[in-house]
Amino acid sequence: MEISLKLPNQVGVIQPSVDFVYSWGLEHGLSEKEASELATAFDELITDVVLFAFGDNEGEFSVMLKDTLSQLEITVHELGEPFDPNRHKYSVEKVLSEGNFDGSGFEVIKNLVDHFIYIYKGKAGKEYRIIKEIKHPHITQLFTQEELAVEPEKAVSYQIAPVSEEDAEDIARLIYRAYGYTYPKEDMYYPDRIVKALKEGKKFGVIVRTDRGEAVGYFAVIMSTDSNIGEVGEVVVSPKHRGKGIMKMMMKALIDMAKARGLEGLFGEAVTVHTISQRVNAKFGFKSTALVLGFFPYIEYKGFEHKQQRISVVIDFLPLKERKVVSAYLPEDYRKILKEIYANMGIELKNIPVRKELKLAEKSNISLQINYRFETAVVVVRDYGEDFESRIDKNIQALEEKGMKGIYIDLPLDEAFTKKAVPILKKKGFVFSGLMPLFHQERDFLRMQKIYEDLDFDGINVFSDMAVKIKKLIQKEMGK
Amino acid sequence: MMEFTKKDGELSIVLKGDFNYPTVKRIENILKLEEIDRLTIDIGSAKVVDSEAVKLLFRLDRDSVQITVLNPPYIFDRILNILKLKDRFKNLKTVKEE
């Protein structure tokens, strides 16, 4: 859930908002000490904004609080005077010799939270983000290795049921038993996070049990926070129970549940270490639309020999509502491949020509989603403004300074300027990734990507013909 | 958010909330009117202690005010450690009351 506050730059707002952040931290699973650290970091940040951001003038700043299953993120945005925290370094020597505490507030913030990021957005102001991880007990802290290793014996029959909060521990045990530590979605090892996600409607799914009641299969759809689509993102079948049709049974049930909930589509992020997930997706009618390079850090996949490099994923999409024709502004370089991707989904794609000179608003509407654990960021361009290129440059600079390994930029295909944005991004080293259908506010986006680690394409295994075509195009653009 | 008494050059404060900028401003307003050589401040109720609070204590410490911090919460020590000032005060002691 996201909470937005708009506050005036008055000292009177500091205490109530700090109190609110403290309670919010506690409510979302922080200990008293951790909530105190988060509240103090926030206090430092907004005290600085209130006292210095606007000089002697009156001003307003916004605060957005966002909780995910594993972390709490606070974004403070203001349009005050230019300022760069990197130029105010704290020095204890300066304190002792001159009583000069310059930079002390930022020093405190950096040390009290897990991540602190500053983005200067030019005319669009300044943005500060502080992130605190939530420390839930891991499944290995709740059970012994012996308990976790128990594998249910063969069963006479299986029962499938919608997953509920009571299933959380069984799911985490199942994931651990099947994958060890190698499952990329870390939240699955924390029963508290599974409970939270189910309680808040962030996912829905099914669990399969033997006739003795032992959990042997689980499959869930994670709801997108930005669009009416879901990711078939969490799946596990207990090793001894594979090849019994459990996967098929679960996928069919999930698609039915997704349709009943009115979702417009489902997508999968299938790893390219092997092609098993891609084959399963294809079997159920999913169509490949993009190849996202280096999407998460290297982990070893049990039973597969694969390159030690960041893991790339194929985006497979299953439309749940029919779209016969889509009209879009197609960038020249990608017109052909986009038409093929849409055609593969049974959609006719019509190019909208741009005849007039484009008039842009002053400011772009750009949002940034950072995955600190994966060291990746998705920049979503919702609307273009005159400041598009400078905003992108500033985002890239801040993300590179933060050591991100992959930056992905989603461009709306229903905005004419996307035709111009593509060559701009290509000059900055971005290459094609593919189509992200209905990915943000039910709109189609073209994804461009830039990877900061070398990848060996021989270690990126793709299954469908379309994924092969997309991979070839990316390789060509990267000169690989 | 705080109670205070002043007697024989000693200012005693009991904070009912956080030790941060709004509180520091109130304390500074008292100090404008009163000369002190000792400060006793109970911060047991504070969930937040920030760098503004540390600045105030450091300045008083350098002005040779004898400071007693009562019932410092976890965050007080944490901030002093972050700012590398834990052992740099000359006239500050902390007391945990039972």
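The legends below describe several close-up views of a predicted model.

**View 1. An aromatic pair between chain A and chain B.** Across all chains, a search of the whole structure finds 16 aromatic pairs. One of them is formed by F101(A) and F58(B), whose rings meet edge-to-face, with 5.6 Å from centre to centre and 75 degrees between the planes. Because F101(A) belongs to the loop between α3 (92-98) and α4 (104-112) of chain A, while F58(B) belongs to helix α2 (residues 51-62) of chain B, this pair joins two chains. Both F101(A) and F58(B) are buried.

**View 2. A tilted pair within chain A, formed by Y334(A) and F432(A).** The ring centres of Y334(A) and F432(A) are 4.6 Å apart and the planes stand at 45 degrees, so the pair is classed as tilted. Y334(A) is found in the loop between β13 (325-328) and α11 (335-344) of chain A, and F432(A) in strand β18 (residues 431-440) of chain A, so the contact ties together parts that are 98 residues apart in sequence. Y334(A) and F432(A) are both buried.

**View 3. A ring cluster and two charges over rings in chain A.** F106(A), F116(A), Y118(A) and Y128(A) are linked into a cluster by ring pairs. Rings of chain A also have charged partners: R173(A) lies over the face of F143(A), at 4.2 Å from the ring centre, and R261(A) places its charged end over the ring of F204(A), 4.0 Å from the centre of that ring.

**View 4. Strand β12 of chain A and its two antiparallel partners.** Strand β12(A), which covers residues 311-319, is mostly covered, with 8 of its 9 residues buried. Strand β10 (residues 265-271) of chain A runs antiparallel to β12(A) and is joined to it by 7 bridges, and within this pairing L266(A) has L318(A) of β12(A) as its bridge partner. Strand β11 (residues 287-296) of chain A is likewise antiparallel to β12(A), with 6 bridges between the two, and here K287(A) stands opposite F317(A) of β12(A).

**View 5. The cavity and the residues that line it.** The structure holds 1 cavity of 30 Å³ or more, and the volume of the largest cavity is about 60 Å³. The lining of this largest cavity is made up of T272(A), V273(A), H306(A), K307(A), Q309(A), R310(A), I311(A), S312(A), G459(A) and I460(A). Sorted by character, the lining residues comprise 3 nonpolar, 5 polar and 2 charged ones.

Note on methods: Residues are numbered from 1 along each chain as its sequence is written. Chains are lettered from A and ligands numbered from 1 in the order in which they are written. This is a predicted model: local features need pLDDT of at least 70, side-chain atom pairs count only at pLDDT 80 or more; totals for chains, interfaces and linings use all residues. Side-chain values use heavy atoms; hydrogens and water are left out. Rings of Phe, Tyr and Trp (its six-membered ring) pair if their centres lie within 6.5 Å; planes under 30 degrees apart count as stacked, over 60 as edge-to-face and the rest as tilted. Helices (H or I, at least four residues) and strands (E, at least two) are DSSP runs, numbered from the N terminus. Buried means under 20% relative accessible area, exposed over 50%, partly exposed in between (1.4 Å probe, protein chains only). A charge sits over a ring if NZ of Lys or CZ of Arg is within 6 Å of the ring centre and within 35 degrees of the ring normal. On a 1 Å grid over the protein atoms alone, a cavity is a set of points where a 1.4 Å probe fits but cannot get out, and a pocket is an open set with protein on both sides within 12 Å along at least five of seven lines; lining residues have an atom within 4 Å of a point. Grid points are joined across faces, edges and corners, and a volume is the space filled by probe spheres set on the points. Ala, Val, Leu, Ile, Met, Phe, Trp, Tyr, Cys and Pro count as nonpolar, Asp, Glu, Lys and Arg as charged, and the others, Gly among them, as polar. Two strands pair if DSSP finds at least two bridges between them.
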